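Got your viewer open? Here's a walk through one protein, stop by stop, with something to select at each one.

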Amino acid sequence: MRPYSAIALFFLCSIGSARRYQEPLIEVSKSLPLLDLHRELVDIPSISGHELDVGNHITKYLQSIGLTVEKQAADPYPDVKKPRNNIYAYHGKERRTRVLVTSHIDTVPPFLPYKKEEDVIWGRGSVDAKGSVAAQIKAFEELQAEGEFEEGDVGLLFVVGEEVGGDGMKRANELGLNWESVIFGEPTELKLASGHKGGVTMVIKAHGKAGHSGYPETGKSANAMIIPALHGLLDAEWPSSDKYGNTTVNIGTINGGVAANVLAAEAEAKLLIRIADGTPADIEKIVIDVLKKTGERFELEARPGYGPVPLDADVPGFETIVVNYGTDVPNLKGDHKRYLYGPGTILEAHSAHEHLRVKDLEEAVEGYKKLIQYSLKQKS
């Protein structure tokens with residue numbers, strides 16, 4: 001056989017390379033619009049209270065693909081005083097739809113800029129929950145292009161304030177709408193959540209008497225009052241369940257006193273209790289009993305909470321998971337099926353290393369499409 005020349009060998013190698021890389025290049029190009037949308041969302045800071053800009057961007061995008069978009073004003077966040085809006089969108093003129101696809105557009109602080117390294121995307125909100133938002137929009141867009149639904153079938157709702165009490169979703173109840181199924185977007189590792197823990201926030205205040213630390217008999221330290229109480233709460237017996245595990249207590253903040261040489265006149269602790277069984281009232285009773293055992297008097301503020309939240313997980317083809325974090329699911333009232341799904345893991349959210357794999361973002365689009373299609377096939 002005649003040997004190939006150097007030029008011929010180069011030519012053959014080039015053809016082989018083109019054949020090897022042709023298919024992956026096509027796959028990547030199909031995902032570029034998704035990656036572009038996700039990057040645009042992550043690049044816009046939207047810490048709770050500052051959601052106006054990202055909401056406006058989403059509005060323009062949804063209008064550009066032919067959707068009818070409504071803005072619903074939400075109350076400004078305390079100490080921010082900036083306007084912000086929920087975004088509700090639907091196909092055509094029929095605003096009442098059978099299925100709602102929803103997630104939140106606010107993030108926790110601080111803002112972390114978008115960065116992509118090979119197949120990993122970094123940045124605040126890349127997981128929680130702008131990965132869900134981008135995938136939901138693209139799933140809707142693809143199903144719309146494929147003619148999979150008509151007017152009155154599917155709506156999109158993107159809300160503010162999920163990270164600070166759910167005030168955006170609570171305001172959404174005023175839209176005057178109801179749905180057969182609602183698909184919520186949160187990081188669930190691409191699994192369908194069958195439930196999540198409940199939660200209640202409590203604030204404990206101790207009132208002492210200021211005095212010179214060299215003469216402790218002249219006053220009473222509020223810090224010395226509240227510390228044993230918190231220790232007692234950590235050691236208390238809390239309800240548990242087979243599905244949700246143990247109720248957990250997190251002492252989020254402790255504040256008290258003005259100086260090391262002054263007896264603290266005031267002390268305060270904020271707790272978030274994740275409920276595995278029972279109701280917020282049950283939890284409040286346990287807290288009160290523990291505080292009474294200290295022999296001191298405290299002021300207790302129990303903010304509105306909720307018990308464990310069961311979710312629908314009846315869609316074939318999905319693994320299931322139980323999650324420990326809170327969501328907007330209990331904030332949206334109505335008699336509808338409740339699905340919770342999304343890309344990424346909560347273990348990366350709220351952290352300095354929040355990141356999401358490109359593959360998971362792409363897979364989430366297909367997951368949301370399956371959930372929407374399954375919901376539409378159910379009898380109304």
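Accessible area here comes from the Shrake-Rupley method, run with a 1.4 Å probe. By that reckoning, the protein exposes about 19,100 Å², and carbon and sulfur atoms supply 53% of that area. One thing to keep in mind as you look around: this is a predicted model.

**Stop 1: the whole thing**

Start zoomed out, with a cartoon view. Along its principal axes, the C-alpha trace spans about 105 × 60 × 45 Å. You should find seven helices and 18 strands in the protein. There are 380 residues, and 47% of them count as buried.

Now think about who touches whom. Take the contacts with a separation of 6 or more: 80% of them are between residues 24 or more positions apart.

If you like, colour the charges too. The protein has 43 positive and 54 negative ones, and the mean positions of the two sets are 1 Å apart.

**Stop 2: a sheet of four strands**

Select residues 248-256, which make up β12, and 298-302, which make up β14. These are the edge strands of an open sheet, each pairing on one side only. Going across the sheet, the order is β12-β13-β9-β14, and the pairing is antiparallel. From one strand to the next, the twist averages 20 degrees.

Next, select 198-207 (β9) and 266-275 (β13): ten bridges join these two in the antiparallel sense. For one example, click Thr201 and look for its bridge partner in β13, Leu272. On to the pair β12 and β13, also antiparallel, with eight bridges. Here you can click Ile251 and find Leu271 of β13 standing opposite.

Which residues of β13 are on its covered face, and which are on its uncovered one? Show the side chains and check: Ala267, Ala269, Leu271, Ile273 and Ile275 make up the covered face. The uncovered face has Glu266, Glu268, Lys270, Leu272 and Arg274. The every-other-residue pattern fits a general rule: in a regular strand, side chains alternate between the two faces of the sheet.

**Stop 3: the helices on that sheet**

Add residues 222-235, helix α5, which packs on the sheet and touches β9, β12, β13 and β14. The direction of α5 makes about 15 degrees with that of β13. Then add 280-293, helix α6, lying across β9, β13 and β14. Helix α6 runs at about 25 degrees to β9.

Back in α5, pick out Pro228, a proline within the helix. Is Pro228 buried or partly exposed? Its relative accessibility is 45%, so it counts as partly exposed. Try measuring from here to Thr294: the two are 66 residues apart along the chain, but their C-alpha atoms are separated by 7.2 Å.

**Stop 4: strand β3 and its partners**

Move over to residues 99-104, strand β3, where six of the six residues are buried. Val99, Val101 and Ser103 point one way, while Leu100, Thr102 and His104 point the other.

Now bring in the partners. Strand β6 (residues 154-159) runs parallel to β3, with six bridges between them. Strand β7 (residues 181-185) is parallel to β3 as well, joined by four bridges. Click Val99 to see both pairings: Val154 of β6 stands opposite, and Ser181 is the bridge partner in β7.

**Stop 5: a glutamine tucked away**

Select Gln136, in helix α3 (residues 130-145). Its relative accessibility is 0%, which means Gln136 counts as buried. What does Gln136 touch, not counting residues up to four places away in sequence? Among its contacts are Val101, Thr102 and Ser103, which you met in β3 at the previous stop. Others include Leu156, Phe158, Ile183, Phe184 and Tyr368.

**Stop 6: out to the first helix**

Finish with residues 6-43, helix α1, and find Leu35 in it. At 10% relative accessibility, Leu35 counts as buried, because the cut-off for buried is under 20%. Leaving aside neighbours within four places in sequence, Leu35 is in contact with Tyr114, Lys116, Ile121, Val358 and Leu361.

For a last measurement, draw a line from Leu35 to Ala265. They are 230 residues apart in sequence, and 54 Å apart in space from C-alpha to C-alpha.

Conventions. Residues numbered from 1 in each chain as written. Predicted model: local features only at pLDDT ≥ 70, side-chain atom pairs only at ≥ 80, totals over all residues. Heavy atoms only, no water. Pairing = 2+ DSSP bridges. Axes fitted to C-alpha atoms, helices over the stretch in contact; angles between N-to-C directions. Contact = heavy atoms within 4.5 Å. Buried < 20%, exposed > 50% of the residue type's maximum accessible area, 1.4 Å probe, protein only. Lys, Arg positive; Asp, Glu negative; His and termini not counted. Charge placed at Lys NZ, Arg CZ, Asp CG, Glu CD.
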